[in-house]
Amino acid sequence: MDTSRFLKLVQEAMEELPDEFRQALKYIHVDVEDWPDPELLERLGYGKGALLLGLYHGVPLTKRRGWSLPGMPDRIVIYKGPIEKVCSSDEEIKEKVRTTVLHEIGHLFGLDDQKLKEDGYG
């Protein structure tokens with residue numbers, strides 16, 4: 001899938017969110033990258049051959065303090081290459097992009113991988 005179509009799928013997944021969630025995402029930067037950096041995978045403890053589909057960088061809303069100074073802006077990265085690798089059709093890619101975007105947004109709201117998997121976003 002070409003990059004512009006993939007970016008459009010990420011944008012569509014974000015636009016489908018209810019307004020109250022989109023408001024919380026106003027200051028979140030969402031990027032698409034081809035593949036995660038191997039050093040990042042190692043730092044996160046991923047074994048050789050593991051596929052990381054997306055990553056939330058930031059402090060979950062549930063762990064923030066109202067009085068603390070803002071740090072770096074939160075960021076979500078969706079990885080195009082791994083998503084394409086686990087999917088066999090454009091329709092599967094569309095659904096996996098949607099699920100991955102929702103999964104990473106779940107981390108922003110303080111949900112862990114176990115809870116997201118139980119809810120069908122993992």
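This report describes the fold, surface and one helix of a predicted protein model.

## Overall architecture

In this predicted model, the protein contains 6 helices and 3 strands, and from the N terminus on these elements follow one another in the order α-α-β-α-β-β-α-α-α. Along its principal axes the C-alpha trace spans about 45 × 35 × 30 Å. The radius of gyration of the protein is 15 Å, which agrees with the value near 14 Å that a compact globule of 122 residues would have.

Among the contacts in the protein with a separation of 6 or more, 65% are accounted for by residues 24 or more positions apart.

## Burial, surface and charge

Of the 122 residues, 34% count as buried, while the protein exposes about 8100 Å², of which carbon and sulfur atoms supply 51%. The protein carries 17 positive and 23 negative charges, and the mean positions of these two sets are 3 Å apart.

## Helix H5 and its surroundings

Helix H5 comprises residues 90-108, and its end C-alpha atoms are 27 Å apart, in agreement with the 27 Å that its 19 residues should span at 1.5 Å a residue. The buried residues of H5 include Ile93 and Val97, as well as the run formed by Thr99, Thr100, Val101, Leu102, His103, Glu104, Ile105, Gly106, His107 and Leu108.

The cover over the buried residues of H5 includes helices H1 (3-15), H2 (19-24), H4 (80-86) and H6 (113-118), together with strands S2 (54-57) and S3 (75-79). H5 is followed by Gly110, whose phi is positive, near 90 degrees.

How values were computed. Residues numbered from 1 in each chain as written. Predicted model: local features only at pLDDT ≥ 70, side-chain atom pairs only at ≥ 80, totals over all residues. Heavy atoms only, no water. Helix = DSSP H or I, 4+ residues; strand = E, 2+ residues; numbered from the N terminus. Rg over C-alpha atoms; globule rule 2.2 N^0.38 Å. Buried < 20%, exposed > 50% of the residue type's maximum accessible area, 1.4 Å probe, protein only. Contact = heavy atoms within 4.5 Å. Areas by Shrake-Rupley, 256 points an atom, 1.4 Å probe, with all protein chains shown as cover. Lys, Arg positive; Asp, Glu negative; His and termini not counted. Charge placed at Lys NZ, Arg CZ, Asp CG, Glu CD. Expected span 1.5 Å × (residues − 1).
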